Amino acid sequence: MSGTARLRTSSSACVERNRMPTVKDILVEKGSQVHRIAASATVLEATRAMNDQQIGALVVMDGPRIAGIFTERDVLRRVVAEERQPSQVSVGEVMTRNVVCCRPDTDIDEASRIMRDRRIRHLPVADESGHLLGMISIGDLNAFHASTQEAKIHFLSDYVYGRA
């Protein structure tokens, strides 16, 4: 390698080790912080929190377990379209209850398929006991795919030009 150090991201490490990247690789890069809200909160409180954090979804918790997910789509379909008052409606009334989750060892392509087939943009990550470990979005997957492609191009370029 030349005199400059290269930053090793999870995606480039996957390329160099020739292994399938997993959801855990995304969580390592982005962190495992998940924005949560109680089912008893109002939709107004939830949307303000989403706006403040510049996010599109909140995980709704019932103690240690995932009770649902509250997304921008829930606001549009179950509040705005039904002309309900956000300050009078609880998140628990309008959240999506059947939450699709994945495990940290799920490969990136499978996570992409889940999101595409289920038409969802946010995918909570939980362990086998159902404990929430993080959440990935379609944007996270797209950024990871782009980073992986960039790492592959860099690796192949080094190989072709004899720098590898």
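# A tour of the predicted model

Show the whole chain with its surface: the accessible area comes to about 10,100 Å², and 48% of that belongs to carbon and sulfur atoms. Keep in mind that this is a predicted model. Buried residues account for 40% of the 164 residues in the chain. Now switch to a cartoon view, in which the chain has seven helices and five strands. Read from the N terminus, the elements run α-α-β-α-β-β-α-α-α-β-β-α. Of the contacts between residues at least 6 apart in sequence, 54% join residues at least 24 apart.

## The sheet

Select strands β1, β2 and β3. These three strands form an open sheet in the order β1-β2-β3, with mixed pairing. Which strands stand at the edges? They are β1 (36-38) and β3 (65-71); each has a single partner strand, so one side of each is left without a neighbour in the sheet. Turn the view to look across the strands: neighbouring ones are turned by 40° against each other on average, direction ignored.

Next, zoom in on residues 57-62, which are strand β2. This strand pairs with β3 in the antiparallel sense, over six bridges. Two positions to label are L58, which stands opposite F70 in β3, and A57, which stands opposite T71 in β3. Follow the chain from β2 into β3 and you pass through a hairpin with two residues between the strands. Pick G63 in that turn, where phi is positive at about 65°.

Stay on β3 and colour by accessibility. Six of its seven residues are buried, so β3 is largely enclosed by the rest of the structure.

## The helix on the sheet

Add residues 43-53, helix α3, to the selection. Helix α3 packs on the sheet and touches β1, β2 and β3. The direction of α3 makes about 75° with that of β3.

Show side chains on α3. Which of its residues are buried? V43, A46, T47 and M50 are. They cover an arc of only 95° around the axis, which puts them on the same side of α3. Look down the helix axis to see this. On the face turned away from the buried side, select R48 and D52, which are exposed.

Then ask what the buried residues of α3 pack against. Their partners are β1, β2, β3, α4 (72-80) and α5 (91-94), so add those two helices to the display. Before leaving α3, step just past its end to Q54, which takes a positive phi of about 55°.

## S112 and its contacts

Move along the chain to residues 108-118, helix α6, and select S112 within this helix. Is S112 buried or exposed? Its relative accessibility is 19%, and since buried means under 20%, S112 counts as buried.

Now show what surrounds this serine. Leaving out residues up to four places away in sequence, S112 touches L141 and H145. Draw a distance between the C-alpha atoms of S112 and L141: the two are 7.1 Å apart in space, while 29 residues separate them in sequence.

Note on methods. Residues numbered from 1 in each chain as written. Predicted model: local features only at pLDDT ≥ 70, side-chain atom pairs only at ≥ 80, totals over all residues. Heavy atoms only, no water. Pairing = 2+ DSSP bridges. Helix = DSSP H or I, 4+ residues; strand = E, 2+ residues; numbered from the N terminus. Axes fitted to C-alpha atoms, helices over the stretch in contact; angles between N-to-C directions. Contact = heavy atoms within 4.5 Å. Buried < 20%, exposed > 50% of the residue type's maximum accessible area, 1.4 Å probe, protein only. Arc of directions from axis to C-beta. Areas by Shrake-Rupley, 256 points an atom, 1.4 Å probe, with all protein chains shown as cover.
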